[in-house]
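Dear colleague,

Please find the structure below, handed over for your own examination. A short account of the findings comes after it.

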Amino acid sequence: MPATDQQASFLGRISIRRNQVISVDGNNDQELEDLELFQKHVADRFADLLSPPEEVASTEPLLSISWLRKLVDVFLCCEAEFKAVLIMCREHSQICKPPLDRLIPELMDRAVKALDICNAVSSGVDSVRQCQKFAEIAVSALEQKPMDDGQVKRARKALNSLLTAMTIDDKENRDFKGAERTRSFGRRGNTNSANKERAVGNFRSLSMIVAKNWSASKQIQAMSSNLVAPRGGEPTGLALPVYIMSSVMVFVMWALVAAMPCQERSGLATHFQIPRQLTWAHSMIGLQEKIGEEWKKKEKKGSVGLLEEMQKMEKLALSLIEFADGFQFPGDTEKMEEVASQVAELAEICGKMEEGLVPLQTQIREVFHRIVRSRAEILEVLEHAAKISQPTT
Amino acid sequence: MCNCQTIMPSYEAEQHIIAATQHILKALGASKNLSDEFKRVLTELDSHLSTMTIITETEGGRFSEIEEQLKHAERKIIRWESDPCLIWDSGPMEATEYLQAVNEILIVIESLGGLSLSENGKPKEIALRAQNALQRAMSRLEEELCHILFQHKQYFKPQYVLLHSRAEGVFYDESFASVEDEIVDETSQRDGEDRESAECYLDLVDPCVIPNIKSIANVMSASNYIQEFCEAFIDIQREALYEYLSVLEMEKLSIEDVLKLEWDCLSRKIKKWIWIMKVIISVYLASEKRLCDQILGDFGSFNSFCFIEISKDSVLCLLNFGQAITTGPQKPEKLFRLLDMYEIMADLHLEMDSLFSEDNGSFIRIEYHKLLSGLGASARETFMRFGNAIASDASIRPFPGGGIHPLVKYVMNYMRLLPDYCDTFNLLLKDQDIDESNAVVEIDNGQDFSSSTSCPMAYHLRSIASSLESNLIDKSKLYKDDSLQYIFLMNNIHYMVKKVKDSDLRLFFGDEWIRKHIGKFQQHATSYVRATWSSVVSMLRDDGNTNLKERYRRFSIAFEEVYKNQTRWCIPDLQLREDLQISTSQKVIPAYRNFVGINNRNVSDKHVKYTTDDLEELLLDLFVGSPRSLHNSRRR
């Protein structure tokens, strides 16, 4: 990726610049050029996410695990470049002057919110992994040849747990103070079969790490509420990159929240707007529209999230449960073929999850640690700049 | 289908054959001669029968035996489905019988295993029934498992003990005003309690049911249902851990929430966190691991998989709080809490590594180590900032009376707490660039280079003391009166020396530093005496122009002026005050006595405003901090 090379040179320059502290001969053109490049790279990266080359599009559809991994990579690249632009800025003193004296603290505030979102999303990855485990049980049961009643029931039970884990209302996150389980123990004898198949994993989505009453949707809203594009006439060059980075951050967090099981996401689709006239934002807006559409379609139906693999898994699970309910040994040959292909598809999804979820979670942690580090570095620059500018003002 | 009918005739067909055979036998009994045709048919029947006998005696016999076995097992399994009681609640016999039934089904499945199941017929039918029964049994066992785990979970509520909170009450506020000398005298006993809970296990589940759980695990694993077992086990145990955390009053806080907390509240939560970390990692998780080993020890990777799934979320939640702390602003008062956090995590890291030693635990291990080093870096950074904050603390107005500046009190009391963290500190500071020029400035001739004075912490402490001293010099320049500058410096350096001498700091500052600084404040004392009293005493000197009366008068005025000023000044340390009063007397009294002795005959008493004794007494009023005046009042 050409962007990576660019990034290296940026980083190379930071260290030089930092040593010089105040360089006399640095020229303004260089800065403008850096800013141009930053915008171009953001635009290119998002264009690639919106309309990837043909051969990639089929293997990495929108909101699939591998697409999300790419999205997270894009965030990391943009972030590195942004920091380079910010830290390399010659006039650090402008950081303490309007409008940056407001914009940068706002960015830092967004960063903190993004950290909590990373945690929630990472926990969402674990929920998906649990669904994967149930799907694997179903797959191994349904792969038995010939398929017998016992295995079909076993698969049905696993699929039922899978769906229950998926459809837990994401508003529901008890404080674990009230963690008394509401299992229906000891009430055996009520032999209606729906009750008997207690879904294990009911509580998976109740993550420890996400605070009570925390709302992903509100976080996104708060991150974007004060996000305003700089007006054309504003003198400082840094307001724009700060705005771009904020938009990238809000967008990426928003997309992750939409994709992964996450606590409280009502109204997610409407939460943030990027002005259309900005060229670097075209693809981002395109993506936002696509995902927003999807979200509106799915919002009422539950809370699995838009993760492509989960959507497919849900459909397959529903269809296979229907099959299981009507199954009678040995099963109709035509139906059995159809089921075999669905099972194969489910197995393939499990394979993708097995392959992609752990790396995705690791990447999300990387985003987390990167944000922590950058935030500290930027605060340091801020502090330093404040110290320098203080005696003169 | 035809094959099926020959092997296993239906009941009806059987009845027909029996009827037909009886008919044949009857006919045979009636006739004596057999036609050739009749004989041929009977021979055919005979050969048919001979092959059939084999089937009935071997295969058929075995199948019916297997079928009997299955029926028996099925009955037991089905019987429990309509029973409102739980099997394991109904007594060990019941449970054993149930498990026996499942084992019978497994035997049935195994004994059919050699036959091709795609083949239809009796074996197929038995096999299907067996699989079905097995599934029902597994579903039931899963339910029983959840119930047992849930009903027999055990907690102990550990008593909340504050762990070595060594650094209470050093509050930072911008004015440095809240620091008092007394508050830090609790640098207290630690150690001892640190290790006592090591190797302490809890029974998270009543030990008497462990064999039951284990037997369920065994049979579910033998039936190839181990995944279901694990999911159920994880589900219950993870929930139990959540619940335990709530018993410990661990709160779920977002990073944003943590950053908004007031320091007092945050400090309390940190202490609590330290305690919870200790309880969870070295007691609870160690016990959970043991439980997993007991139950799943024979099942390879399922064991570590379950343990990690049970604990991951909670551990990450705990680590997240730590992360939030390192993310917040690095105020000096946070240093001790950061060091406490760092120390507990460093203490626990080996346990943590062994709990999560498998590959799939690396995520947690890595997060743990990231936080550990993050806390270290944060502590280091906070300490550096502390140093910088001292260097840059600027005052606009001189500190009234020349007494001990609050900054000095704050810094010295703060530093006094650091030796307790010496080892950790040295580890953290080891790789830091030390500003040598600053740090070494105080130890010029490497005489007392014992290890404690040359460790990184010692350098840093002296470096801080040296910034503090430069800052004091800057602050002293705010006084217009030179003499007060000296008093201020003398007071404050004396205070620093005293704090160093009276605490473990002396080991890090070293005798050389102490000697040198005693020299410094004594020098300031000397300078004071010279600056204030040389001119006063010089009034008594005969300069050839001034008559005796005038010299007395000028001396008295100068003395009164000093008295008025310097009774306002303050030397809080009594010993130091006394010493300075003595050296002042030594400068003034002999000169005055001498002057009076030489001149007492030439001047009338009314011009001698003060006797030597008066002066000696008046000097004792200096530096008390309460202004007095001698104007218009004779002290006789």
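The notes that follow cover conventions, confidence, the interface and selected salt bridges.

This is a predicted model, in which local features need pLDDT of at least 70 and side-chain atom pairs count only at pLDDT 80 or more, while totals for chains, interfaces and linings use all residues. Residues are numbered from 1 along each chain as its sequence is written, chains are lettered from A and ligands numbered from 1 in the order in which they are written, and side-chain values use heavy atoms, with hydrogens and water left out.

Chain A has an average pLDDT (the predictor's confidence in each residue, from 0 to 100) of 80, and 78% of its residues score at least 70. The pLDDT falls below 50 over residues 1-26 of chain A and likewise over residues 169-205 of chain A. Where pLDDT is low, the predicted coordinates should not be read in detail.

Between them, chain A and chain B bury about 5400 Å² (accessible area, 1.4 Å probe, that two parts lose on being put together, summed over both), with 51% of it on carbon and sulfur atoms. The contact (heavy atoms within 4.5 Å) involves 59 residues from chain A and 55 residues from chain B. Seven salt bridges (a side-chain nitrogen of Lys or Arg within 4 Å of a carboxyl oxygen of Asp or Glu) are counted between the two chains.

One interchain salt bridge joins the side chains of A:Asp126 and B:Lys312, at 2.8 Å from N to O. A:Asp126 also forms a salt bridge with A:Arg129, at 3.2 Å. These two residues are three apart in helix H5 of chain A, so about one helical turn separates them. A:Asp126 is buried (under 20% relative accessible area; exposed is over 50% and partly exposed in between, with a 1.4 Å probe and protein chains only) at 5% relative accessibility, and A:Arg129 is buried at 14%. Together with B:Glu309 and B:Lys312, A:Asp126 and A:Arg129 are linked in a network of salt bridges.

Within chain B, the side chains of B:Asp393 and B:Lys475 meet in a salt bridge at 2.9 Å from N to O. B:Asp393 lies in the loop between helix H12 (362-392) and helix H13 (406-417), and B:Lys475 in helix H17 (residues 456-476), so the pair ties together parts of chain B that are 82 residues apart in sequence. Both B:Asp393 and B:Lys475 are buried.

With kind regards

Terms used
Helix = DSSP H or I, 4+ residues; strand = E, 2+ residues; numbered from the N terminus.
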